[in-house]
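Student: Could we go through a structure together, and could you show me how each label follows from its cut-off?

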Amino acid sequence: MTESYERLGGASVSGDSYEVPVPQQAINMELLKLDGEAYWAVREDDGAVLVSYLYDPLEDAEGVRFLASTVVDDERLVQVPDAVFDHWEDVYGGGTAVAGGDRLEFVTTDEMADDEQMLVLPEWQVEDVLGDEA
């Protein structure tokens with residue numbers, strides 16, 4: 001049985017600063033925290049990007065590769081690291097996979113939320129990762 005994904009919200013990434021607003025629901029669920037670290041990693045099985053305010057669960061998880069960290073500011077903005085954009089370009093097959101103005105979706109599952117994690121998916125990856133739920 002596939003676990004059900006919960007959409008937390010989405011927003012467009014800034015073309016200048018590469019920042020994206022974190023959905024308020026993700027802050028309320030404490031998946032990321034204001035003025036706190038955002039640790040970015042990749043699930044090797046499907047190439048989906050994980051983000052969390054906790055480093056150890058990402059580092060210790062099987063099939064997960066840590067990429068980088070950034071900070072969530074007090075206005076809920078988080079900068080997406082270059083390593084994440086590079087990963088998306090690799091998965092996309094080259095070219096610009098995510099550019100300024102492109103929408104990113106934030107989703108989680110009960111199991112991921114228990115580990116204070118969520119996925120950050122570019123629009124083109126949503127259906128591949130979420131399947132029928134997209």
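Tutor: Gladly; we will take salt bridges, then burial, strand pairing and a charged patch. This is a predicted model, where local features need pLDDT of at least 70, side-chain atom pairs count only at pLDDT 80 or more, and totals for chains, interfaces and linings use all residues. Residues are numbered from 1 along each chain as its sequence is written, and side-chain values use heavy atoms, with hydrogens and water left out.

Student: Why is the contact of Arg7 with Glu105 called a salt bridge?

Tutor: A salt bridge needs a side-chain nitrogen of Lys or Arg within 4 Å of a carboxyl oxygen of Asp or Glu. For Arg7 and Glu105 the closest N and O atoms are 3.6 Å apart, so the pair meets the definition. A search of the whole structure finds five salt bridges.

Student: What makes the pair of Arg7 and Glu105 a tie between parts apart in sequence?

Tutor: Arg7 belongs to strand S1 (residues 6-12) and Glu105 to strand S7 (residues 103-108), so the bridge ties together parts that are 98 residues apart in sequence. Strands here are DSSP runs of E with at least two residues, and helices are runs of H or I with at least four, numbered from the N terminus.

Student: How do you know whether Glu105 and Arg7 are buried or exposed?

Tutor: Buried means under 20% relative accessible area, exposed over 50%, and partly exposed in between (1.4 Å probe, protein chains only). Glu105 has 8%, so Glu105 is buried; Arg7 has 38%, so Arg7 is partly exposed.

Student: Which residues make up the network around Glu105?

Tutor: Glu105 also meets Arg103 in a salt bridge, at 2.5 Å from N to O. Arg103 has a relative accessible area of 33%, so Arg103 is partly exposed. Salt bridges that share partners join Arg7, Arg103 and Glu105 into one network.

Student: What links Glu44 to Arg65?

Tutor: A salt bridge, with the closest N and O atoms 2.9 Å apart. Glu44 sits in the loop between strand S3 (37-43) and strand S4 (49-52), while Arg65 is in strand S5 (residues 64-71), 21 residues apart. With relative accessibility of 44% for Glu44 and 37% for Arg65, both count as partly exposed.

Student: How do you know that S3 pairs with S5?

Tutor: Two strands pair if DSSP finds at least two bridges between them. Seven bridges join S3 to S5, so the criterion is met, and the strands run antiparallel. Trp40 has Ala68 as its bridge partner in S5. S3 also pairs with S4, antiparallel over four bridges, with Ala41 opposite Leu50. As for cover, six of the seven residues of S3 are buried.

Student: Which strand does S4 pair with through Val49 and Val120?

Tutor: Val49 stands opposite Val120 in S8. S4 and strand S8 (residues 117-122) pair in the antiparallel sense over four bridges.

Student: What makes the negative patch, and where does Asp110 fit in?

Tutor: The patch is formed by Glu6, Asp110, Glu111, Asp114 and Asp115. Patch residues have over 30% relative accessible area and no salt bridge, with like charges joined within 9 Å and nonpolar side chains (Val, Leu, Ile, Met, Phe, Trp, Tyr) within 5 Å. Asp and Glu count as negative, Lys and Arg as positive, and His and the chain ends are not counted. Asp110 lies in helix H4, and its 56% is over 50%, so Asp110 is exposed. Helix H4 (residues 110-114) gives the largest share of the patch, three residues.

Conventions
Areas by Shrake-Rupley, 256 points an atom, 1.4 Å probe, with all protein chains shown as cover. Charge placed at Lys NZ, Arg CZ, Asp CG, Glu CD.
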